[in-house]
Structure formats: structure tokens, C-alpha cells
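Dear colleague,

Please find the structure below, handed over for your reference. My notes on what was found in it follow directly after.

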Amino acid sequence: MKTLTISLSAQQIARLHEAVASGAYASNSEVLRDALRLWEQHQELRALELNRLKRAYDEGMASGEGRAVDAGALLADLKAERRG
């Protein structure tokens, strides 16, 4: 493994030390590796969500011309449908 120098805020350093002192992690490096794993998972989920939204947008655009909707009438229909 390579050594990397990073800068952290005082609060981040305190939390890092607390995580190690509590026994939750064996070392500062372990805390940071776990944090990076979580960040990588977050990035992967974000990419999946963006791809899903792009597909939905493309499907919507390919579905044809839009139509005008009267918001009041739509809301009234939805309320009536809910009352059943």
C-alpha cells in the first residue's frame, strides 16, 4: 500500500480517533478505507440512479407529443378516485 497525506478538520480528526479508541476500528487507516468504500458505493448508486432517470426521460420523450392538462380538473379527478 502507498502512504498518502491528507488534511482533515479538527472535528474529523476527533471522530476518527473516537472510532479507533472505541474499538470499532483497529486503525486510522481502517476508518478511512471504510469511509472510501462507503463513498464508492454512494457514487455507484448515484450513477445507477442517474442512468435510470436518463432512461425514463428518453422513454418519455419517445412516447410522443405531450398534451395540455387542466391542473384543477386533474386534482379533482384524483380526489374523486381516492374517495372511491
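Just after helix H2, Gly 64 adopts a positive phi of about 120 degrees. A glycine with positive phi also follows helix H1, where Gly 23 has a value of about 90 degrees. Helices here are DSSP runs of H or I with at least four residues, and strands would be runs of E with at least two, numbered from the N terminus.

The model is a predicted one, in which local features need pLDDT of at least 70 and side-chain atom pairs count only at pLDDT 80 or more, while totals for chains, interfaces and linings use all residues. Residues are numbered from 1 along each chain as its sequence is written, and side-chain values use heavy atoms, with hydrogens and water left out.

The lengths of the two helices were checked against an expected span, defined as 1.5 Å times one less than the number of residues. For the 35 residues of H2 the expected span is 51 Å, and the end C-alpha atoms are 51 Å apart, which agrees. For the twelve residues of H1 (residues 10-21) the expected span is 16 Å, and the end C-alpha atoms are again in agreement, at 16 Å apart. Within H1, Ala 10 and Val 20 are ten residues apart in sequence and 16 Å apart in space, C-alpha to C-alpha.

H1 and H2 pack with their axes 9 Å apart and at an angle of about 110 degrees. H1 is therefore roughly perpendicular to H2, a label given to angles of 65 to 115 degrees. The axes are lines fitted to C-alpha atoms over the stretch in contact, and angles run from 0 to 180 degrees between N-to-C directions. Leu 16, His 17, Ala 19 and Val 20 of H1 meet Asn 28, Val 31 and Leu 32 of H2, contact meaning heavy atoms within 4.5 Å.

Two salt bridges were counted, each requiring a side-chain nitrogen of Lys or Arg within 4 Å of a carboxyl oxygen of Asp or Glu. One joins Arg 37 and Asp 34, at 3.7 Å from N to O. Both residues lie in H2 (residues 28-62), three residues apart, or about one turn of the helix. The other links Glu 49 with Arg 52, the closest N and O atoms being 2.7 Å apart. Glu 49 and Arg 52 likewise lie in H2, three residues apart. An α-helix has 3.6 residues a turn, so residues three or four places apart point the same way.

As to accessibility, a residue is buried under 20% relative accessible area, exposed over 50% and partly exposed in between (1.4 Å probe, protein chains only). Arg 37 is partly exposed at 44%. In the other pair, Glu 49 is partly exposed at 35%, and Arg 52 is partly exposed at 40%. Arg 33, also placed in H2, is partly exposed at 33%. Leaving aside residues up to four places away in sequence, Arg 33 touches Met 1 and Ser 27. Ala 10, which lies in H1, is exposed at 65%.

Yours sincerely

Technical notes: Parallel < 35°, antiparallel > 145°, perpendicular 65-115°, else oblique.
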